[in-house]
Amino acid sequence: MNNTKPPDFKTQFAEEIFKGLTSYPKKISSKFFYDERGDELFQQIMELPEYYLTGKEYQILLRHREEIGDAFASMEGFDLIELGAGDGKKTKVLLRHFEEKNFDYKYLPVDISKNVLEQLSASLQQEIPAVEVEPQQGTYGEVLSRLADYRDRKKIILFLGSNIGNLTPQEAVVFLRKISSSMDEKDLFFMGVDQKKEPRVILDAYNDSAGVTEAFNKNLLVRMNRELDADFEPDTFMHWPLYNPETGVAKSYLVSTKEQTVQINSLDLEVHFQKWETIHTEVSQKYDDTSIAWLAEEAGLEITGSWTDKESCFKNYLFKRTGS
Ligand code: AVI
């Protein structure tokens, strides 16, 4: 094995795994959770009793659909662009309401996966056939720069599910600046954000009793075994989530329960783990009104509305571009 000369990487996954597992402390980006099995496990997570985020946001949209609809509506109509649409379960609450109100709009779900977009279009065709859907395949960045030049109609960009939390606050500022620079003065940005709360509730959301989140985290090891010809033994790693109420950051780790060396054959790499050594795999940042106001200001956005549930567990914010 030669650990000094990096090989030619065939995929972004291979490249980032090489870099993440040869750095100290070891890390892997949570974006790699979502292979086919990871998508399935995430669907199961969203149904878990401990994982309150999805249910709370669903309730907010259902309860406040009228007011949210009023804030979105305009004479000229609008295009609804959803970043990371997934199965669209929550968005359908809004779409049904818009149909009832006869809004003039088009729905543009954005996802990197063609498969996700096809499934979503098919389910919409069945459940709400009147909606005009124009799927946009690509990364958020690609689609946003494509849409930045499009100024015919008011754009409303949706970013639900507290996906913003999977970026560090610094990364979130960079991402939100991209959003605000793709917006015109009449455009809006609607984002769902998990809120700081009783620390135990947050910790339990990432440490469910059925072990689905553990399997989701360890699926990274399974994915490396399959795609990079590695020999990780998932049972020799522990799923370890943490929540820090001071910073609002929830983090997940995989912790090696023994000293071991793992071969990653397609990277020609040997990775050594000390007993209790970690791989940091996810950030799920929690916010409050103060930190969201800071984020918005840094990114050139201004909050124009917000909706929450009874316990203020989760919040959906509406923004416009600053100075518009
Ligand atoms: C997709 N994202 C907002 C989820 C979260 O809560 O950070 C991913 C997740 N990780 C573990 N459970 C759910």
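Student: In this predicted model, is Q119 buried or exposed?

Tutor: The place of Q119 is in helix α6, which runs over residues 114-127. A residue counts as exposed when its relative accessible area is over 50%. Because the relative accessible area of Q119 is 54%, Q119 is classed as exposed.

Student: How far apart are the C-alpha atoms of Q119 and D87 in space?

Tutor: Along the chain, Q119 and D87 stand 32 residues apart. In space, their C-alpha atoms are separated by 7.6 Å.

Student: And what is the C-alpha to C-alpha distance between F18 and D87?

Tutor: F18 belongs to helix α1, residues 12-21, and with a relative accessible area of 7% F18 is buried. In sequence, F18 and D87 are 69 residues apart. From C-alpha to C-alpha, the distance between F18 and D87 is 32 Å.

Student: Which residues are the closest to the ligand?

Tutor: The ligand is surrounded by 13 residues, and by class this shell has six nonpolar, six polar and one charged residues. The closest of these residues are Y51, N166, Y206, E282 and S284.

Student: How far is the polar side-chain atom of Y51 from an oxygen atom of the ligand?

Tutor: Polar contacts to the ligand involve several side chains, among them that of N166, where an N or O atom is 2.8 Å from a nitrogen atom of the ligand. Y206 places a polar side-chain atom 2.6 Å from an oxygen atom of the ligand. For Y51, the distance from a polar side-chain atom to a ligand oxygen atom is 2.5 Å.

Student: What share of the ligand's exposed area does the protein bury?

Tutor: The contact from Y206, at 2.6 Å to a ligand oxygen atom, belongs to this setting. Taken alone, the ligand exposes 340 Å², and the share of that area buried by the protein is 97%.

Student: Which helices and strand each supply at least two residues of the shell around the ligand?

Tutor: The shell around the ligand holds 13 residues. The elements that each supply at least two of the shell residues are α2 (36-46), α10 (212-228) and β11 (278-285).

Student: Which backbone oxygen lies 2.5 Å from a polar atom of the K197 side chain?

Tutor: K197 sits in the loop between β6 (188-194) and α9 (199-205), and at a relative accessible area of 16% K197 is buried. The K197 side chain reaches the backbone oxygen of C313 at 3.0 Å. The backbone oxygen at 2.5 Å from a polar atom of this side chain is that of Q195.

Student: With which residue does K101 form a salt bridge?

Tutor: The closest N and O atoms of the K101 pair are 2.8 Å apart, and its partner is E66. K101 lies in the loop between α5 (89-100) and β3 (105-111) and E66 in helix α4 (residues 65-72), so the pair ties together parts that are 35 residues apart in sequence. K101, at 40% relative accessibility, is partly exposed, as is the partner, at 39% relative accessibility, namely E66.

Student: Are R153 and D79 buried or exposed?

Tutor: The side chains of R153 and D79 meet in a salt bridge with an N to O distance of 2.9 Å. R153 lies in the loop between α7 (140-148) and β5 (154-159) and D79 in strand β2 (residues 78-83), so this pair links parts that are 74 residues apart in sequence. As for accessibility, both R153 and D79 are buried.

Student: In which helix do E214 and K218 both lie?

Tutor: The E214 and K218 side chains form a salt bridge at 3.2 Å, N to O. With a relative accessible area of 33% E214 is partly exposed, whereas K218, at 11% relative accessibility, is buried. The two residues are four residues apart, about one turn of the helix that holds both, which is α10.

Student: Which residues form a nonpolar patch on the surface?

Tutor: One member, L242, is in strand β7 (residues 237-244), and L242 counts as partly exposed because its relative accessibility is 39%. Together the patch residues have about 420 Å² of accessible area, and they are M238, W240, L242 and W276.

Terms used
Residues are numbered from 1 along each chain as its sequence is written. This is a predicted model: local features need pLDDT of at least 70, side-chain atom pairs count only at pLDDT 80 or more; totals for chains, interfaces and linings use all residues. Side-chain values use heavy atoms; hydrogens and water are left out. Patches are made of residues with over 30% relative accessible area and no salt bridge: like charges are joined within 9 Å, nonpolar side chains (Val, Leu, Ile, Met, Phe, Trp, Tyr) within 5 Å. Accessible areas come from the Shrake-Rupley method with a 1.4 Å probe; for residues, only the protein chains shown count as cover. A salt bridge is a side-chain nitrogen of Lys or Arg within 4 Å of a carboxyl oxygen of Asp or Glu. Buried means under 20% relative accessible area, exposed over 50%, partly exposed in between (1.4 Å probe, protein chains only). A residue is near a molecule or strand if one of its heavy atoms lies within 4 Å of it. A polar contact is a pair of N or O atoms within 3.5 Å; within protein, one must be able to donate a hydrogen and the other to accept it, and residues adjacent in sequence count only if both atoms are side-chain atoms. Ala, Val, Leu, Ile, Met, Phe, Trp, Tyr, Cys and Pro count as nonpolar, Asp, Glu, Lys and Arg as charged, and the others, Gly among them, as polar.
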